[in-house]
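Please take a look at the structure below. We will visit a few loop residues, then a helix pair, and then the chain as a whole.

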Amino acid sequence: MLLFPQPLPNRFSSINVTSPIFHQHHQHHLIFHPPLCATSTALTTTNVADYSLSSSKRQKAASQNAIEDYEYDDNDILPLQSRRYDFNPLLDYLSNKIATSTDSDSESESNSASPTSLEHTEFQLAESYRVVPGPLWHSLLKSLCSSSSSIGLAYAVVSWLQKHNLCFSYELLYSILIHALGQSEKLYEAFLLSQSQNLTPLTYNALISACARNNDLEKALNLISRMRQDGYPSDFVNYSLIIRSLMRKNRVDSAILQKLYREIECDKLELDVQLSNDIIVGFAKAGDLSQALEFLGVVQGSGLSVKTATLVTVIWALGNCGRTVEAEAIFEEMRDNGLKPRTRAYNALLRGYVKVGLLKDAEFVVSEMERSGVSPNEQTYSLLIDAYGNAGRWESARIVLKEMEASNVQPNAYVFSRILSSYRDKGEWQKTFQVLREMKNSGVRPDRVFYNVMIDTFGKFNCLDHAMATFDRMLSEGIEPDTVTWNTLIDCHCKSGKHDRAEELFEEMMEGGYSPCNTTFNIMINSFGEQERWDDVKNLLTNMQSQGLLPNAVTYTTLIDIYGKSGRFNDAIECLDDMKAAGLKPSSTMYNALINAYAQRGLSEQAVSAFRAMRADGLKPSLLALNSLINAFGEDRRDVEAFAVLQYMKEYDLKPDVVTYTTLMKALIRVEKFDKVPSVYEEMILSGCTPDRKARAMLRSALKYMKQTLEL
DNA sequence: AAAGCCGTAG
């Protein structure tokens with residue numbers, strides 16, 4: 001199992017304690033709780049409350065306070081009270097006290113015992129708990145906070161401990177309370193509690209972790225920056241929690257991850273195993289494979305261990321963007337390191353072949369699985385069905401579905417939504433109803449994603465009524481729409497030119513309490529841009545940032561596209577600069593948008609310089625960029641240069657496609673060289689391109705002009 | 001545990 005070097009014994013070992021910042025940090029904590037943290041320098045709440053005692057370690061823990069030796073075991077809380085210390089007398093006493101103090105308004109003083117006798121009872125009680133080790137109090141607090149009804153009691157325990165000076169760090173106790181409240185989804189109570197005193201690194205960390213766990217990223221990030229302003233670095237567990245929270249909400253984005261990473265660097269934190277793995281997985285899930293692979297290399301090089309699950313995620317993500325060769329390389333590397341791949345690893349590999357349509361390789365992976373005695377699961381069958389569907393082999397897909405049911409592997413809505421999107425991508429949107437029927441026959445209920453695909457399918461084929469009806473049906477079946485549902489609805493209205501209706505839906509979405517995501521803003525920016533509502537575009541950008549969302553690659557491409565298409569080239573170029581300033585690498589898609597905008601206006605010189613700028617940024621010329629360049633020359637009546645680009649393509653092994661030849665024919669028509677068009681059409685056929693409607697139309701119009709010229 | 005929505009050509 002040891003694919004990579006052993007993980008370090010605990011996450012603090014990786015901190016460079018000689019760095020001046022850490023020295024400071026270390027000193028700080030020593031001042032606050034010397035006995036507890038004698039062996040754990042940078043101890044923070046987050047980890048204290050994550051650990052509770054296991055019986056075998058109790059003795060050792062009590063004597064040494066060796067926190068890093070504790071085992072993570074949540075089930076240990078309850079038996080705790082029945083062990084060496086019985087907390088019931090104290091809890092009973094405090095409960096009574098709470099009850100009497102709330103009743104005291106209506107009751108007369110005479111009912112209560114005299115102050116001296118009360119003090120005596122309390123004193124005795126306090127004495128009986130004097131030798132309880134700190135961590136046991138922590139566990140008690142944690143267990144009390146897990147139920148709403150005993151939060152008050154937990155608070156009373158802390159006050160009581162403070163009053164009788166029974167535990168060393170009250171700051172630590174408060175942060176445990178905050179942390180436990182966060183764990184129990186009581187963020188509001190956590191904030192209330194934190195207001196009763198100044199925030200210290202411990203309480204900051206507890207609050208940040210509570211926010212991250214409860215998916216309140218804005219608050220978490222704000223607290224981190226406030227903490228930094230106060231001169232404290234945040235605990236890197238917080239960064240892990242934030243990244244995982246982003247992934248949970250499907251909001252992980254390369255731009256935000258890069259910003260987080262810069263902040264980690266700014267806090268001078270060294271990465272631990274968990275955070276390194278989270279960063280790699282984050283970039284992989286965000287689809288930023290170059291960052292993911294770079295980190296993977298750094299982490300492997302630094303001797304931290306890379307988890308198998310992380311590698312599987314990277315393989316999956318590589319496959320997801322069609323990089324099957326690299327996916328296979330990592331898979332093989334796993335195997336070479338003596339790790340026997342299990343179903344999930346095979347599925348990740350399979351994903352890539354399905355994505356790029358390498359059916360043979362996909363089939364090979366499945367047979368390889370069977371040969372190695374690794375059993376396929378629901379995901380494996382689904383991926384295979386997806387592969388056959390994409391290849392148009394519906395019969396094979398159906399056979400696998402039957403095989404799956406025969407092997408007692410129940411299909412779920414996932415596979416049907418994949419089948420539906422296969423049909424959609426082939427233009428067979430009418431098949432939607434059939435898929436719905438087959439799904440019901442298999443006893444599977446449509447889920448939210450299935451309905452989202454259905455809405456998208458109708459939307460893409462301009463059936464807005466069907467799309468809205470599906471939305472209503474979804475609501476009537478009690479399925480909550482999500483951000484994707486709204487995005488799909490809004491975008492399909494934009495695509496049909498119904499910008500007003502789209503804007504209404506955007507407002508409805510927000511009124512319904514759904515928070516827009518990057519995609520929502522990108523859709524709306526595109527819509528306002530098409531309407532040339534530039535002030536509204538700016539407002540959206542401000543709005544988006546105020547919600548903690550950063551413009552991403554799609555945002556910038558959209559901006560460049562809409563500005564470029566309206567001839568606002570300076571604004572478009574400014575966007576490119578903004579993006580670089582924000583630390584995002586420009587992609588060829590962005591340059592393509594710019595080149596295309598120049599091309600459509602026949603500004604060939606500018607298109608060429610944009611092309612050169614793209615090359616200077618280290619980006620390879622794509623077929624798309626070169627086709628746009630051909631269009632730029634064509635529209636500028638420079639047909640000779642247009643054909644020079646074709647030559648360039650052939651020299652650099654880029655296969656011209658149907659768009660290339662159609663654009664060349666258009667270039668010839670511009671300069672009225674109609675007679676040369678048929679030979680271009682012929683070359684297209686000879687090179688193996690299948691002419692489509694636009695290509696045929698171009699040839700026809702050339703022939704028409706030729707005839708007209710002959711008649712004159 | 002995966003998937004669905006947004007950006008660039010003729």
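Asn408 counts as exposed because it has 6 C-beta neighbours inside 10 Å; a residue is exposed if 12 or fewer other C-beta atoms lie within 10 Å of its own, buried if 20 or more do, and partly exposed in between, with C-beta atoms placed from the backbone. This is a predicted model, in which local features need pLDDT of at least 70 and side-chain atom pairs count only at pLDDT 80 or more, while totals for chains, interfaces and linings use all residues. Residues are numbered from 1 along each chain as its sequence is written, and chains are lettered from A and ligands numbered from 1 in the order in which they are written.

Here are three loop residues side by side. Helices (H or I, at least four residues) and strands (E, at least two) are DSSP runs, numbered from the N terminus.

| Residue | Loop between | C-beta neighbours within 10 Å |
|---|---|---|
| Ala286 | H15 (273-285) and H16 (289-301) | 22, buried |
| Asn408 | H22 (394-406) and H23 (413-425) | 6, exposed |
| Asn462 | H25 (448-460) and H26 (464-476) | 13, partly exposed |

Most residues other than glycine have a negative phi. Asn408, however, has a positive phi of about 60 degrees, and phi of Asn462 is near 65 degrees.

Which residues does Ala286 touch, leaving aside its neighbours within four places in sequence? Ala286 is in contact with Val252, Asp253, Ser254 and Leu257, where contact means C-beta atoms, placed from the backbone, within 7 Å.

Now for the helix pair. Helix H19 (residues 343-356) packs with helix H20 (residues 359-371) at an angle of about 165 degrees, their axes being 8 Å apart. Axes are lines fitted to C-alpha atoms, for helices over the stretch in contact, and angles run from 0 to 180 degrees between N-to-C directions. H19 is therefore roughly antiparallel to H20, a term for angles over 145 degrees. On the H19 side, the contact includes Tyr346 and Leu349; on the H20 side, it includes Asp361 and Val365.

Finally, the whole chain. Chain A has 39 helices and zero strands, and of its 712 residues, 43% count as buried. The largest nonpolar core has 185 residues, and Leu629 is one of those with the most contacts inside it. Such a core is a set of buried Ala, Val, Leu, Ile, Met, Phe, Trp, Tyr and Cys residues joined through C-beta atoms within 7 Å. Not counting residues up to four places away in sequence, Leu629 touches Ile595, Ala599, Ala607, Phe611 and Val645.

Terms used:
Angles under 35 degrees count as roughly parallel, over 145 as roughly antiparallel, 65 to 115 as roughly perpendicular and the rest as oblique. Two residues are in contact if their C-beta atoms, placed from the backbone, lie within 7 Å.
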